[in-house]
Amino acid sequence: MTRISVITPTIGRASLKRMLNGLLPQLTEEDEVLVIGDGDQPNARKIVEEISSKLVCYWEMPLTRNYGNPQRNEAILRAKGDYICFVDDDDWVLPKYVETIKRHASENSGRPLMVKMNAFCGVLWRQPQPSYGNMSGQMFIPPNLPSRLGKWSGKYAADFDFIWGTLNKYPDRERSIVWCEEIIVSQGWAGPGGAGGIEIK
């Protein structure tokens, strides 16, 4: 059975509770959720304590205000799952998120996955090619192989840097990706159904 580690940096938004409540019922006891506060986040601590799940590990790092990128890098070092997922604290995790990831991972062991996502600009990915603007960190689910993982950089487009840095560690790079057609996550500002909460087909 494939185990997953879900990494979520947080600034204590109330939407963290909604995200965890959508995610946790889908997980098995072998999975884990790593929630990392960017600085002191009493609201996030309270949410995690109230949910009281043994699958959730919470800690805080010094305040960086850097889009959660240092927190993601630290959590990668602690992740124990076979595959690593990245979900922001305001994202919507759709009902078959975990099932879809585990099915594709078991069928394509050792290969990074690229799922689809509802974004503010519509559905991503649009074409099966790794390019800036065609993918986001929430969509990229790599195997937890430390020698083949990139780093989240210190800039806004850090997810693209992480994805490209990871793919560069694979011999076939673009051909190593499994392009998955299912939409299983929505960006927070897009709403559960897509841009502005409008259902996207």
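**Close-up views of a predicted model**

**View 1. Helices α1 and α2 cross with a right-handed sense.** This is a predicted model, and our tour starts with its helix pair α1 (residues 15–23) and α2 (residues 42–51). Their axes come within 9 Å and cross at roughly 30°. Angles under 35 degrees count as roughly parallel, and α1 and α2 are therefore roughly parallel to each other.

**View 2. Residues from both helices make the contact between α1 and α2.** On the α1 side, look for L16, K17, L20 and N21. Facing them from α2 are A44, I47, V48, E50 and I51. Sorted by character, the residues of this contact divide into six nonpolar, one polar and two charged.

**View 3. Helix α2 has one face lined by buried residues.** Which residues of α2 are buried? They are A44, I47, V48 and I51. Seen down the axis of α2, the buried residues fall within an arc of 95°, so they line one face of the helix. If you would like to see what covers these residues, the cover includes strand β1 (4–10), helix α1 and strand β3 (56–61). A44, I47, V48 and I51 also take part in the contact with α1.

**View 4. Residue E49 of helix α2 is exposed.** E49 lies in helix α2, where A44, I47, V48 and I51 are buried. Why does E49 count as exposed? Its relative accessibility is 59%, and exposed means over 50%. For a sense of scale, pick the C-alpha atoms of E49 and R148: they are separated by 34 Å, and the two residues are 99 residues apart along the chain. Just past the helix, α2 is followed by S52. The phi of S52 is positive, near 50°, should you want to check the backbone there.

**View 5. L149 is a buried residue in a loop.** Here we move to the loop between strand β8 (140–141) and helix α5 (158–167), where L149 is found. Is L149 buried or exposed? With a relative accessible area of 9%, L149 is buried, since buried means under 20%.

**View 6. L149 touches several residues distant in sequence by more than four places.** Leaving out residues up to four places away in sequence, L149 touches I76, I84, P142, P143, N144, F162, T166 and K169. A handy distance to check in your viewer is the one from L149 to I163: C-alpha to C-alpha, they are 8.4 Å apart in space and 14 residues apart in sequence.

How values were computed:
Residues numbered from 1 in each chain as written. Predicted model: local features only at pLDDT ≥ 70, side-chain atom pairs only at ≥ 80, totals over all residues. Heavy atoms only, no water. Axes fitted to C-alpha atoms, helices over the stretch in contact; angles between N-to-C directions. Helix = DSSP H or I, 4+ residues; strand = E, 2+ residues; numbered from the N terminus. Parallel < 35°, antiparallel > 145°, perpendicular 65-115°, else oblique. Left-handed = near helix turned anticlockwise from the far one by under 90°. Contact = heavy atoms within 4.5 Å. Nonpolar A, V, L, I, M, F, W, Y, C, P; charged D, E, K, R; others polar. Buried < 20%, exposed > 50% of the residue type's maximum accessible area, 1.4 Å probe, protein only. Arc of directions from axis to C-beta.
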